[in-house]
Amino acid sequence: MVRVFYISDDLDDLELVEYELELSGLGPSQIHVLTDNDAEVASHQHLHPVKSFMRNDVIHSTEIGAVIGVVVAALVLFFAYVTGVAESVGWLPFIMLAIVMMGFITWEGGLFGFQELHYQFRRFKQVLQSGRHVLMVDVEPEQEIMLANVTLAHDKLKPAGTGKAPPRWLVAFQNRWDRMMHTLP
């Protein structure tokens, strides 16, 4: 899958594009609008805004924090081994310190991510601040021609590149979940 980005300043046109994409076979979980004006997006019933949790860089920053935490934990254990302190005091305090350090640094990475815009969305910071909107569409390779056909018919959409899409299984799960939720009374 690939995530394709478009920039527009017209939410009515984006709503029409999203409607046409869904008629062409894309699921609602494959189409999202990123904007700084969530209230305006909420007034358009057919637009799907980026969920607030996914706007932040929590997951990515937590992963980076975990890697740094593992390195620090390894350094603590290495220090205990090289200095020989673990032989006199015991390994348990150093193992506990390593676990605590790894957990704390991972947690701090996640907290840092809450304050940051998602790493894929940072390039659109100026676009969002200027009041424009970003349409994100996650497509399979065989859906790219259909996407191009729909988006070329809309002059207000400007291509803005591609990015990493979520895994196929996650998008398929979200599509099934959306269908199930719409069939329930």
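# Reading burial, packing and span in a predicted model

Colleague: Is Glu 144 buried, exposed or partly exposed?

Modeller: Glu 144 counts as partly exposed, because its relative accessibility is 38%. Buried means under 20%, exposed means over 50%, and partly exposed lies in between. Keep in mind that this is a predicted model.

Colleague: Where does Glu 144 lie, and what does Glu 144 touch?

Modeller: Glu 144 lies in helix α8, residues 144-152. Leave out residues up to four places away in sequence, and Glu 144 touches Val 2 and Val 139. Now compare sequence with space. Met 1 and Glu 144 are 143 residues apart along the chain, yet their C-alpha atoms are separated by 9.8 Å.

Colleague: Take the partner at the N-terminal end. Where is Val 2, and is Val 2 buried or exposed?

Modeller: Val 2 is found in strand β1. Val 2 is buried, because its relative accessible area is 19% and the cut-off is 20%.

Colleague: Which residues are in contact with Val 2?

Modeller: Set aside neighbours within four places in sequence. Val 2 is then in contact with Val 137, Asp 138, Val 139 and Glu 144. Thr 162, Gly 163 and Ala 165 are also in contact with Val 2. For a pair set well apart in space, take Val 71. Val 2 and Val 71 are 69 residues apart along the chain, and 32 Å separates their C-alpha atoms.

Colleague: What about the loop after β1? Which residues does Asp 10 touch?

Modeller: Asp 10 sits in the loop between β1 (2-8) and α1 (11-23). Asp 10 touches His 133 and Lys 156, again not counting residues up to four places away in sequence. Its relative accessible area is 16%, so Asp 10 is buried. From Asp 10 to Glu 87 the C-alpha separation is 68 Å, at 77 residues apart along the chain.

Colleague: Now the helices. What should the span of α4 be, and what is the distance between its ends?

Modeller: Start from the rise of 1.5 Å a residue. The 26 residues of α4 should therefore span 38 Å. The end C-alpha atoms of α4 are 37 Å apart, which agrees.

Colleague: And how does α6 come out on that check?

Modeller: Helix α6 covers residues 92-115 and has 24 residues, so 34 Å is expected at 1.5 Å a residue. The end C-alpha atoms of α6 are 35 Å apart, which agrees.

Colleague: How do I read the buried residues along a helix? Which residues of α4 are buried?

Modeller: First the general idea. An α-helix has 3.6 residues a turn, so residues three or four places apart point the same way. Now the case. The buried residues of α4 are Val 58, Ser 61, Gly 65, Gly 69, Ala 73, Val 76 and Ala 80. They pack against α3 (52-55), α5 and α6.

Colleague: Which residues of α6 are buried, and what covers them?

Modeller: Phe 94, Ala 98, Ile 105, Thr 106, Gly 109, Gly 110 and Gly 113 are buried in α6. Their cover includes α4 (58-83) and α5 (85-89).

Colleague: Which residues of α6 does Ser 61 meet?

Modeller: Ser 61 lies in α4. Beyond four places in sequence, Ser 61 touches Gly 109, Gly 110, Phe 112 and Gly 113. Ser 61 is buried, because its relative accessible area is 6%.

Colleague: Where is Ala 73, and what does Ala 73 touch?

Modeller: Ala 73 is also a residue of helix α4. Ala 73 touches Ala 98 and Met 102, with residues up to four places away left out. Ala 73 has a relative accessible area of 9%, so Ala 73 is buried. Ala 73 and Met 101 are 28 residues apart in sequence and 6.2 Å apart in space, C-alpha to C-alpha.

Colleague: What phi does Gly 84 take?

Modeller: Gly 84 comes just after α4 and takes a positive phi of about 80°.

Colleague: Step back to the whole chain. In what order do the elements run?

Modeller: The protein chain has 9 helices and 4 strands. From the N terminus, the order is β-α-β-α-α-α-α-α-α-β-α-β-α.

Colleague: What is the radius of gyration, and what would a compact globule have?

Modeller: The protein chain has 22 Å, whereas a compact globule of 185 residues would have a value near 16 Å. The C-alpha atoms fill a box of roughly 75 × 40 × 35 Å along the principal axes.

Colleague: How many of the residues count as buried, as a percentage?

Modeller: Of the 185 residues, 37% count as buried. The exposed area is about 11,100 Å², and carbon and sulfur atoms supply 65% of it.

Definitions and conventions: Residues are numbered from 1 along each chain as its sequence is written. This is a predicted model: local features need pLDDT of at least 70, side-chain atom pairs count only at pLDDT 80 or more; totals for chains, interfaces and linings use all residues. Side-chain values use heavy atoms; hydrogens and water are left out. Helices (H or I, at least four residues) and strands (E, at least two) are DSSP runs, numbered from the N terminus. The radius of gyration is taken over C-alpha atoms; the globule rule is 2.2 Å times the number of residues to the power 0.38. Buried means under 20% relative accessible area, exposed over 50%, partly exposed in between (1.4 Å probe, protein chains only). Accessible areas come from the Shrake-Rupley method with a 1.4 Å probe; for residues, only the protein chains shown count as cover. The expected span of a helix is 1.5 Å times one less than its number of residues. Contact means heavy atoms within 4.5 Å.
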